[in-house]
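Please walk through this model from a single side chain outwards, and then to the fold as a whole.

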Amino acid sequence: MDDNQQFQNQGQQQFQNQGQPQFQQQYQQQGQPTYYGQPQYNMPPYGAPQLKSDRGLLKFILFNLITCGIYSIAFFSSLGEDINLIASRRDGKKTMHYCLIAFLFSWLTCGIAPIVWFHKVSARIGDEARARGINTSFGASSFWLWYVLGSLIVVGPFVYIHNLCETMNQIDMDYNRRGF
């Protein structure tokens, strides 16, 4: 390589590193990929969004009380979007947005549409968890046994929401780790 070409390569490298922190420049020079100044080890592929995995029963109850039930609509909407993002590639299905169920179809179907939605979402979450190798018994039967029949003993729906949160958190953590 002649001196002129070597000088151009050094100039291009300096231009690319301009404005980057020193530690990031060091990783790039060593051939290590970086992600916001941190070395990239076992990071999901570029463009894969990080899903929240901090759902919980206590948070669900408290925020529902504070917002007079509005949080549950946001919670289930987020849950539906997450399962669509995660599972659609594998099963080819799309879950209807929960706002449509809550504001439109529940009125039109006299409350039947939310029951069908919860049944389908529960089955889909259980199937996705098992496809990812997560050991869980969550599924459509959890909805019918805990949410519907368990409402006779008052604590059933709370057990269902807890199981739903735990299973979805495990799926989200697996998605964040593997990126698909």
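**From one aspartate to the whole chain**

Asp172 is part of helix H8, which covers residues 156–178. The model in which this residue sits is a predicted one. Is Asp172 buried or exposed? With a relative accessibility of 0%, Asp172 is classed as buried, because the cut-off for that class is under 20%. What does the side chain of Asp172 pair with? The side chain of Arg55 makes a polar contact with that of Asp172, at 2.6 Å. Leaving aside residues up to four places away in sequence, Asp172 touches Leu51, Lys52, Ser53, Arg55, Asp82 and Ile86. Arg55 therefore appears both in this list of touching residues and as the partner in the polar contact, a contact being defined by heavy atoms within 4.5 Å.

Charged pairs are the next topic. How many salt bridges does a search of the whole structure find? The search returns ten. One of them links Arg124 to Asp91, with 2.9 Å between the closest N and O atoms. Arg124 belongs to helix H6 (residues 112–131) and Asp91 to helix H4 (residues 70–91), so this pair ties together parts that lie 33 residues apart in sequence. The two partners fall into separate accessibility classes: Arg124 is buried at 5% relative accessibility, whereas Asp91, at 23%, is partly exposed.

A second salt bridge stays inside helix H6. Arg130 pairs with Asp127, and their closest N and O atoms are 3.5 Å apart. Because these two residues are three apart in helix H6, about one helical turn separates them. Arg130 is partly exposed, with a relative accessible area of 41%, and Asp127 is partly exposed as well, at 38%.

A third salt bridge joins Arg132 and Glu128, where the closest N and O atoms are 2.8 Å apart. Here Arg132 is buried at 10% relative accessibility, and Glu128 is buried at 3%. This pair belongs to one network, in which salt bridges with shared partners join Arg90, Glu128, Arg132, Asp174, Arg177 and Arg178.

The surface also has a nonpolar side. Which residues make the nonpolar patch of about 1,100 Å²? The patch consists of Ile115, Trp144, Leu145, Trp146, Tyr147, Val148, Leu149, Leu152, Ile153, Val154, Val155 and Phe158. Helix H7, residues 140–148, contributes the most to the patch, with five residues. Val148 lies in helix H7 and is one of the patch residues. Its relative accessibility is 31%, so Val148 counts as partly exposed. That value fits the patch criterion, which asks for over 30% relative accessible area.

The view can now widen to the chain. In total there are eight helices and two strands. Read from the N terminus, the order of elements is α-α-β-β-α-α-α-α-α-α, which places the two strands after two helices and ahead of the remaining run of helices. Of the 180 residues in the chain, 36% are buried; Asp172, at 0% relative accessibility, is one such residue. The chain exposes about 11,600 Å², and 60% of that area comes from carbon and sulfur atoms.

How do contacts spread along the sequence? Taking contacts between residues at least 6 apart in sequence, 57% join residues at least 24 apart. The salt bridge between Arg124 and Asp91 spans 33 residues in sequence, linking helix H6 with helix H4.

Key
Residues numbered from 1 in each chain as written. Predicted model: local features only at pLDDT ≥ 70, side-chain atom pairs only at ≥ 80, totals over all residues. Heavy atoms only, no water. Helix = DSSP H or I, 4+ residues; strand = E, 2+ residues; numbered from the N terminus. Buried < 20%, exposed > 50% of the residue type's maximum accessible area, 1.4 Å probe, protein only. Areas by Shrake-Rupley, 256 points an atom, 1.4 Å probe, with all protein chains shown as cover. Patch = residues over 30% accessible without salt bridge, like charges linked within 9 Å, V, L, I, M, F, W, Y side chains within 5 Å. Salt bridge = Lys/Arg side-chain N within 4 Å of Asp/Glu carboxyl O. Polar contact = N/O pair within 3.5 Å; in protein donor to acceptor, adjacent residues only side chain to side chain.
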